[in-house]
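User: Hey, got a minute to walk me through a structure? I'm new to this, so plain words please.

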Amino acid sequence: MSSVANTGGTAGALPPADSLRDRIRDRIEGGAFPYILLAPALLTLVLVGLVPFGYTVWISLHETSFTTVEGWAGLANFKELVTDGEFWRSMGVTALILAVAVPIQFTVALGFALLLSRGVYASRVLAPALLIPAVIAPTVVAIVWKIMLAPSWGFLTYEFVERFGILSESSIFSTKWSAVAAIILIDVWQWTPFVALALFAGIQALPLSPYRAASVDGASRWATFRYITLPGLYPLLAVLFLIRVIDTFKIFDTVFVLTGGGPQDATQTISIYLYKSVFDFFELGLSAAAAVIIFILFFIFASIAYRLFTRTLKLF
Amino acid sequence: MTDRSSHARLRSLLGVVATMAACLALAACGGSGDDGGDEGGDSNVNAENWTLATAAEPYKGTELRVLDEVTDLQPSFKPLIAEFEKETGIKVSYELEGHLDVIRKGETDLLSGRGAYDGVMIHSTQKGRVLAADAVTPIEELLDNEKLKDPNVNFDDFIQPLADDLTMFGEQRIAFPNWNYNTIWWGRKDLMENADEKAAFEKEFGRELAPPKTLQEMRDISKFFTRKKGEKLAGETLDREFPGFVMEGAQAGAVFGDVRYTFMNQYGGDFWDESGKPSIDSPENVEAMKLYQELWDYSPAGRAEMSLIDVPVVMGEGRAATGIVYSDFVFSVDKPGKSKYAGKFTYAPVPANADGDEDDRTVATEPSMIIISKQSENPEAMFLFLQWMVSKETQDRWFEGGVGMPVRKDSLNHPTVTGGERAEFFKAANGSLENGAAFPAVPKLFEIIDEVNKMQQSVGQGQDPGAALADIQGKLEDICGDSCIVQGGD
């Protein structure tokens, strides 16, 4: 109140000290004010995000010996990495898991969401229960599946797979293809319910009037889904897709507990590769270079996805 | 005065008497007759006065932070630490982590120079890396300090050559041995002693069915007990396949030790030659891996995913006839209430190669030590703690709990070891330890281990051993260059 009185009624007549105070106040309340409000958040972002990333880039450009950063290496770590077959094989394994798991999750989840939205029996209980796999720590998920799938003593393995000779002379995590398939299955099991619940919420939020109009026009169920429900869910699907791609790319805990990347690197995802590089081999320079490359790839992916969603599909 | 202090005084008195007797007998009082004397200065003078409480006096109030591994052994040892704290006034924070965690956490602390821990447990496989990073305080000088050195703790008293193999680097002593992990052979006694099975085995192989003394006998027993679905085992019809043999095979496991010591070394081969140059594709190793491959035929279908923890579980459930296991894992299975086969296992040392040279007799062991961190500000107090850990008194007290593993020779004669319920188990473990060895200092051992673990999987799953070894030879050359082993330590 007083500031309004001061600035409103006495312009040009105040002593110099007051002018200075007013100028500062004007500046704070003017152009600088938003930045002052943003400063804590920006500072935090810089400290927790950019500083570690900058440090990673710096390490990637240096030679390292165990945990000690030594001489300047330039792009030598990057050069070594791009010619390292194991790095690209790990990227390939990750891409395979991602390419199979995410579409399955979305297809099954959409089916579940539609089913729930039609009011299935006990949906009020079922809907919250869907969150259970997603809220279990991935390490616990891995241990639960280990107890079920371990060779010769896992419940499912011993009582079904081995009793009925389903995998003759092999086991689920002994063979490359079945090990990868099992990892995908576990990821689908863990994350499909979360996607289903999110889509169910999205469907509930869709406006009713287009459905009424479609009903009046005699539209089929498929047509209603194709032209009303699905387009209505596009923004949500886009966000969920981004979340799931990023999350699946980072898959680590379940693989680490269940296979450690084996057999013969068949399930060695890029996170396992990085973990081994740092904690098994203490190749910090190479690991940092790998992290930078992954960041660049993700930056490109995110940029393309954002462009696609905003400009081409005009979802947001 | 505590019982322990009284005991220490009594021990000092006995030390005086023993020293005088030795002087009379030898007419010379100069040497102690073991390498503890060499390292401990004039131990006879020291022996008269040395007590742990006196040695620890300057370090009273010190707080030590120690990182160790958790198996069944360490929790049984942990309660004794209170006695050390009471006697010395040194406080010990004794943290236990699982196998992989103790490696990652401990190494990261050592290699980064952060120095959160005064003492860190390392396996022999880690020795090369921590030495190459100059992260260890050797105990050589501490052993020479007669105020600190307990004259009753001498390296000749440890199980050799394992202890020296582990704790020597060149001419330098880097630590005391702490944990003697070792592998043993074990089998289901109900099968091994079944009259019908014994008769059938004798008919097929022309000898009695008994715990194996050679790798070839082990193979025969494994083959004999491997049965198809519908066949009979000890009079029971099987409702699924039954493996005759189980051991590790997972990529992220400890099977590299079995591959090197139990198979390759016993056939006269190794990962490298004497100069450290990779030589894993030798004809001896090819022969070793042929036998290794054959054993996979008698193993569970899922052997390629079996880790340290799967093997005891499978045997504990009675789902394989025999196998090789790290003996410390047996404690959690062969005890009442843990397995319906508890008390029904038979044990033997890991067998020798029947065609091998006696000099090549080795068994996969993983001797481990707690090293004093280079960053520790309390190396003397840490030394006293480690020395106390391996003293005869402490080791004897520990064995009274029933769960232990000898690092000292005299522990082999402890009543728990020779006459307790686990006498057969300990006899097997001791037999393995006699032939145990430790990895030399190899800075890039974990890269090599990763390749060896993958190689053994591919051989086990059918790849020609010669081709697999030729393939890994190139990889080891890439990893090691001219030599895998770091020399030195002087």
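User: How many residue pairs are in polar contact across the interface of chain B and chain A?

Analyst: The rule finds 20 residue pairs in polar contact there, both residues at pLDDT 80 or more. A polar contact is a pair of N or O atoms within 3.5 Å; within protein, one must be able to donate a hydrogen and the other to accept it, and residues adjacent in sequence count only if both atoms are side-chain atoms.

User: And which helices of chain B supply residues to that side?

Analyst: α7 (99-112), α8 (127-132), α16 (310-316) and α21 (445-460) of chain B each supply at least two residues of the side that touches chain A. Helices (H or I, at least four residues) and strands (E, at least two) are DSSP runs, numbered from the N terminus.

User: What kinds of residues are on that side of chain B?

Analyst: They divide into twelve nonpolar, seven polar and 14 charged. Here Ala, Val, Leu, Ile, Met, Phe, Trp, Tyr, Cys and Pro count as nonpolar, Asp, Glu, Lys and Arg as charged, and the others, Gly among them, as polar.

User: Hang on, where do the pLDDT and the numbering come from?

Analyst: This is a predicted model, where local features need pLDDT of at least 70 and side-chain atom pairs count only at pLDDT 80 or more, while totals for chains, interfaces and linings use all residues. Residues are numbered from 1 along each chain as its sequence is written, chains are lettered from A and ligands numbered from 1 in the order in which they are written, and side-chain values use heavy atoms, with hydrogens and water left out.

User: OK. How many residues does each chain put into the contact?

Analyst: Chain B gives 33 residues and chain A gives 33 residues, with contact meaning heavy atoms within 4.5 Å. Together the two chains bury about 3,000 Å², 49% of it on carbon and sulfur atoms. Buried area is the accessible area (1.4 Å probe) that two parts lose on being put together, summed over both. On the chain B side, Arg240(B), Glu305(B) and Arg319(B) supply 25% of the area buried against chain A, more than any other three residues.

User: How many salt bridges cross between the chains?

Analyst: Six salt bridges turn up across the interface of chain B and chain A. A salt bridge is a side-chain nitrogen of Lys or Arg within 4 Å of a carboxyl oxygen of Asp or Glu. Lys444(B) forms one with Glu283(A), the closest N and O atoms being 3.6 Å apart.

User: And over all chains, how many?

Analyst: The whole structure has 39 salt bridges. In chain B, Glu83(B) and Arg397(B) meet in one at 2.1 Å, N to O. Glu83(B) sits in helix α6 (residues 81-88) and Arg397(B) in helix α18 (residues 392-400) of chain B, so the pair ties together parts that are 314 residues apart in sequence.

User: Is Glu83(B) buried or exposed?

Analyst: Somewhere in between: Glu83(B) is partly exposed, with a relative accessible area of 25%, and Arg397(B) is partly exposed at 33%. Buried means under 20% relative accessible area, exposed over 50%, partly exposed in between (1.4 Å probe, protein chains only). Another salt bridge links Arg188(B) to Asp190(B) at 2.7 Å, N to O; Arg188(B) counts as buried at 7%, while Asp190(B) is partly exposed at 31%.

User: Let's switch to chain A. What domains does it have?

Analyst: The domain assignment gives domain 1 (15-60) and domain 2 (80-315) in chain A; such bounds come from an automatic or database domain assignment. Their C-alpha centres lie 39 Å apart. The contact takes five residues from domain 1 and seven residues from domain 2.

User: What about the area between those domains, and how many salt bridges?

Analyst: About 440 Å² is buried between domain 1 and domain 2 of chain A, with carbon and sulfur atoms giving 91%. Phe53(A), Ile59(A) and Ser60(A) supply 75% of the area that domain 1 buries there, more than any other three residues. The salt bridge count between the two domains is zero.

User: Last one: what does Leu131(B) touch?

Analyst: Not counting residues up to four places away in sequence, Leu131(B) touches Val136(B), Phe169(B), Ile174(B) and Ala441(B). Leu131(B) lies in helix α8 of chain B and counts as buried at 15% relative accessibility.
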